[in-house]
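User: I would like a close look at one residue, followed by a picture of the assembly around it. Please keep the account connected, going from the single position outwards.

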Amino acid sequence: MKPGMTMVMAVLAISLVAAGALFGTPLFPVALVAGALLAGSGLVVVFFHPEETALFLFAQPPVFLSWYASPLLAVALEALITIAFLVSAGDTGVRRGVVSAILLVSVSGLFALFIAGHRHILLPLVLLLVVCVIVMLALLGTASHLIHRVTGGLHEAPGRQ
Amino acid sequence: MRPSRRTVVLLIAAAVSLLLAWSLDSAPALFLAGSMSGLVAVRAFLFLHAAGTVASGVRVERTATPFILRQGSPVNVTCTVHLLLPHGLRAEVSDVPPPGAPLTKGSSSAEITLAGSHGMKLAYGLSCISCGRLSFGGVDIVLHDPFFSLLLPFRGGAFSHPTLLVDPVGRFRAGEGSGIIGDKDSEARRLLRGYGIRSFRGYMPGDDPRTIDWKLTAKHGKLFVREYAGMIGKSPLLVADLPDSAMPCPASLRDAVIGSALDAVREMCRMPRGCSLMVICGPNLLSFLPNERSSARLERALREYSSPQQVLRCYRALDPAVAEAFRQRLGETEGNGDGFPRKLREIYSAFIPAMEPLPFEVQCARALARQGDTALHVLSTGWGDASHLAILGLQARRRGVDARIGIPDSAISPDLLRRLKGWGYTVVRVMS
């Protein structure tokens, strides 16, 4: 199979599901046209310059539209494209890939439920920014601890004594 | 931790989505921003966890042959890095050679793409341009996954062994005398090497290639070097005057002195009475090894004090005998009726009886008073205050010991030569 075909198939499936879920609503034609355009663009990308990240981004508009049908559907489609992305990136059969997929589905599901419960997005957005800062600090701390551990606390240049 | 290109793209998409959510009050856009940033964050945590697993299992075994060598000599290094690589990761392993030791052959880095336990062997060659105790920088391991890469710089004792002991090149310059030194001085440049051959032995790393005896080598199929018998019957005292580490003395001068001293002690320790070495730093006696036959002890004494600090100083120290000579000379000129010489003579007369020899003078006198010492060889940088050289020269002259001094080429000046002559040094040699 050509590299990236898994992602194209996922994009196509997500586009079809999103359009089907929006059948009978004013957003249906938009979802249909967007799905067709993105699936076509995905095929072009796969045949001329296979790039998983671009295909992952191609799947975001149908997920965006599917939110108006059901937030849970958007969560499921986002989980699907994320897993396809991880598989395409070479994490197939790796424990880290499975763990990250499970974690992502859980976190994004909880986040979607939290957003859906609010009329305006101000509070969820502030919460997201705060969480992002905390996560960034935690990452920096973990990386710094790891580097300090391997350097053995030595920071001076080695060499002539 | 460096993000890969796809991670940067995802973060940009998340930021754009967040802006859309903010400006349009769009819940799905916020959900997408959260999903994409969450993907990146989860991958970052998992990557760091995997990197921690790799870091805890890294072990390095490194051998360097030879590890005691001469500046500019080649070293063969074999470094084996043991590590356990998890699935989904790729590792670039590179050994960090000591600074000032460029790679001459082989490669000091390699890449591991397969998961599992590995023993990566790196074999390469170095040429040590720097001198002193050179330690390896450690081992660098760069881990890659599809989203991030991280450099793990393994440093510290276990990862920087072994230490290379690189002796500086500081041989006396061979050839005819020239410039301000003159032809007469050039004859004495091989003072520490005799002209008769005492014995032959197998070649050892660090030996001067010029001492190889090619006839014996061709006959037996292995390298033999000549051992010279020079200075038999004499027991010269070698004085290595090391510069104060607190003073801005050029490293090349210090290396020239230590290199020449190492050369000299290696040859002198094979002589019948061994080598008498005095390591000083200005008027501070650091070490004194009389009639020492162990080259290891002599070399250790030189290396141990390779960057000493000068505790005592004796700027313009005056010897009582010299002061008495000045006083007498002033007495001869007193008849002119000038008041200043008379006053100065009175000052000399007042303080000469109270003058006590410096501890360094006593140490020099005792070192030179040993029986059988017929020559004094001083190796000095000639940098800064030289009062201690004057004390050494005067003490040698007082005991009838022939005093000779070696100074780096770049430090020699006509004024210094004139002063050294005045202090009693009969020969000034050039160290290159």
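Leaving aside its neighbours within four places in sequence, which residues is B:E299 in contact with?

Analyst: The model is a predicted one, and everything below should be read with that in mind. Once neighbours up to four places away in sequence are set aside, B:E299 is in contact with B:L262 and B:V265. Glutamate 299 itself belongs to helix 7 of chain B, which covers residues 295-304. B:E299 counts as buried because 20 other C-beta atoms lie within 10 Å of its own, and a residue is called buried from 20 such atoms upwards. A further link to another stretch of the sequence is seen with B:A261, which is 38 residues away along the chain, while the two C-alpha atoms are separated by 8.8 Å.

The chain around this glutamate can be described next. Chain B contains 12 helices and 20 strands, and 37% of its 432 residues are buried. If one takes the contacts in chain B between residues at least 6 apart in sequence, 69% of them join residues at least 24 apart.

Some of the strands of chain B form an open sheet of 5 strands, ordered 1-11-10-5-7, with antiparallel pairing. Its edges are strand 1 (2-3) and strand 7 (109-112), each of which pairs on one side only. Beginning from the first of these edges, strand 1 pairs with strand 11 (residues 148-154) in the antiparallel sense over 2 bridges, and B:R2 has B:S149 in strand 11 as its bridge partner. Strand 11 of chain B is also paired with strand 10, again antiparallel, over 6 bridges, and here B:S149 is the bridge partner of B:H144. A hairpin connects strand 10 to strand 11 of chain B by way of 3 residues. Further along the order, strand 5 (residues 90-96) and strand 10 (residues 138-144) of chain B run antiparallel and are joined by 7 bridges, with B:S94 standing opposite B:D140 of strand 10.

Chain A has another kind of make-up, with 7 helices and 0 strands, and its elements, read from the N terminus, run α-α-α-α-α-α-α. Of the 161 residues in chain A, 39% are buried, and among its contacts with a separation of 6 or more, 66% are between residues 24 or more positions apart.

Helix 7 of chain A, residues 122-151, deserves a description of its own: with 30 residues it reaches 43 Å from its first C-alpha to its last, close to the 44 Å expected at 1.5 Å a residue. The buried residues within this helix are A:P124, A:L125, A:L128, A:L146 and A:V150. Just beyond the end of helix 7 of chain A, the glycine A:G152 adopts a positive phi of about 70°.

The two chains touch one another in a contact that takes 44 residues from chain A and 48 residues from chain B. On the chain A side, helix 3 (52-58), helix 4 (60-66), helix 5 (71-88), helix 6 (95-116) and helix 7 each supply at least two residues. Among them, helix 7 of chain A gives the most to this side, with 12 residues. By residue type, the side of chain A that touches chain B divides into 27 nonpolar, 12 polar and 5 charged residues.

The nonpolar interior completes the picture. In soluble globular proteins, nonpolar side chains tend to be buried together. The largest nonpolar core in this model holds 92 residues, and the members that touch the most others are A:V11 and B:L30. Helix 2 of chain B, residues 27-56, provides the largest share of this core, with 17 residues. Domain 1 (2-55) and domain 2 (58-167) of chain B both contribute residues, and the core therefore lies between them. Apart from this core lies another, of 45 residues, which includes B:A240, B:L242, B:C364 and B:V378.

To return to one of the two members named for the largest core, the valine A:V11 touches A:L38, A:A39, A:G42, A:L55, A:F58 and A:A59 when residues up to four places away in sequence are not counted. For B:E299, a list drawn up in that manner consists of B:L262 and B:V265.

Technical notes:
Residues numbered from 1 in each chain as written. Chains lettered and ligands numbered in written order. Predicted model: local features only at pLDDT ≥ 70, side-chain atom pairs only at ≥ 80, totals over all residues. Helix = DSSP H or I, 4+ residues; strand = E, 2+ residues; numbered from the N terminus. Expected span 1.5 Å × (residues − 1). Buried ≥ 20, exposed ≤ 12 C-beta atoms within 10 Å, placed from the backbone. Contact = placed C-beta atoms within 7 Å. Nonpolar A, V, L, I, M, F, W, Y, C, P; charged D, E, K, R; others polar. Core = buried A, V, L, I, M, F, W, Y, C linked by C-beta atoms within 7 Å. Domains from an automatic or database assignment. Pairing = 2+ DSSP bridges.
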